[in-house]
Amino acid sequence: SVLWWDVDDGADELRECARRVEDALGPMGFDREKRSYKPHVTLARFRPPAKLGDWVEEANGSPAVAGSALRFEASHVSLVRSELSRQGARYSEVCAISMDAD
């Protein structure tokens, strides 16, 4: 349900930052995350969850071929803040950049 981009450069620093945040929050009663931290950038969320190949096929109007480069065109890129709550995640756009060729 999530399309994300793995981070290579700076991954160790991001892991250290996440560790420090957990260390600081522990004494305040916050539990440590049970999953290991994977530095990444979330590119898209699919609701309902979808297989990426199916999504690309629908967007392109043609079948995705296994092993081929998956392509899609973006009209804009948004930096989005997610705030988790008991009612679910709330998302707010921080900024957006148009991908128009103007």
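These are my notebook entries on the fold, the salt bridges and two surface sites of a predicted model.

**Entry 1: the chain as a whole**

I began with the secondary structure, which comes to two helices and four strands, and I read their order from the N terminus as β-α-β-α-β-β. I then looked up the burial, and of the 102 residues in the chain 6% count as buried. The accessible surface of the chain is about 9,100 Å², and 53% of that area belongs to carbon and sulfur atoms. For the range of the contacts I took those between residues at least 6 apart in sequence, and I noted that 42% of them join residues at least 24 apart.

**Entry 2: salt bridges**

I next went through the charged side chains, keeping in mind that side chains of opposite charge can pair when their charged atoms come close. The count comes to eight salt bridges, and I wrote down three of these pairs in detail.

I looked up E16 and R19 before the other pairs: they form a salt bridge in which the closest N and O atoms are 2.5 Å apart. Both residues lie in helix α1, residues 11–25, and because they are three residues apart there, about one helical turn separates them. I recorded E16 as partly exposed, at 29% relative accessibility, and R19 also as partly exposed, at 38%.

The second pair I looked up is R32 with D23, a salt bridge whose closest N and O atoms lie 2.2 Å apart. R32 has a relative accessible area of 43% and is therefore partly exposed, while D23, with 33% relative accessibility, is likewise counted as partly exposed.

The third pair in my notes is E83 with R90, where the salt bridge has its closest N and O atoms 3.6 Å apart. What did I find for the exposure of E83? At 36% relative accessibility E83 counts as partly exposed, whereas R90, at 53%, counts as exposed, since exposed means over 50% relative accessible area.

I then followed the shared partners, and salt bridges of this kind join E16, R19, R20, E22, D23 and R32 into one network. The E16 and R19 pair and the R32 and D23 pair thus have their residues in that network.

**Entry 3: a nonpolar patch**

I turned from charge to nonpolar side chains, and asked which residues make the nonpolar surface patch of about 330 Å². The patch is made by W5, V41 and L43. Of these I followed L43 further: L43 has its place in strand β2, which covers residues 40–45, and its relative accessible area of 47% makes L43 partly exposed.

**Entry 4: V94 and its surroundings**

My last entry concerns V94, which I found in strand β4, residues 88–98. I noted V94 as partly exposed, with a relative accessible area of 42%. Which residues is V94 in contact with, leaving aside its neighbours within four places in sequence? I found L79, V80 and R81. For one of these, V80, I also looked up the backbone separation: V94 and V80 are 14 residues apart along the chain, and their C-alpha atoms are separated by 5.5 Å.

Notes
Residues are numbered from 1 along each chain as its sequence is written. This is a predicted model: local features need pLDDT of at least 70, side-chain atom pairs count only at pLDDT 80 or more; totals for chains, interfaces and linings use all residues. Side-chain values use heavy atoms; hydrogens and water are left out. A salt bridge is a side-chain nitrogen of Lys or Arg within 4 Å of a carboxyl oxygen of Asp or Glu. Buried means under 20% relative accessible area, exposed over 50%, partly exposed in between (1.4 Å probe, protein chains only). Patches are made of residues with over 30% relative accessible area and no salt bridge: like charges are joined within 9 Å, nonpolar side chains (Val, Leu, Ile, Met, Phe, Trp, Tyr) within 5 Å. Accessible areas come from the Shrake-Rupley method with a 1.4 Å probe; for residues, only the protein chains shown count as cover. Contact means heavy atoms within 4.5 Å.
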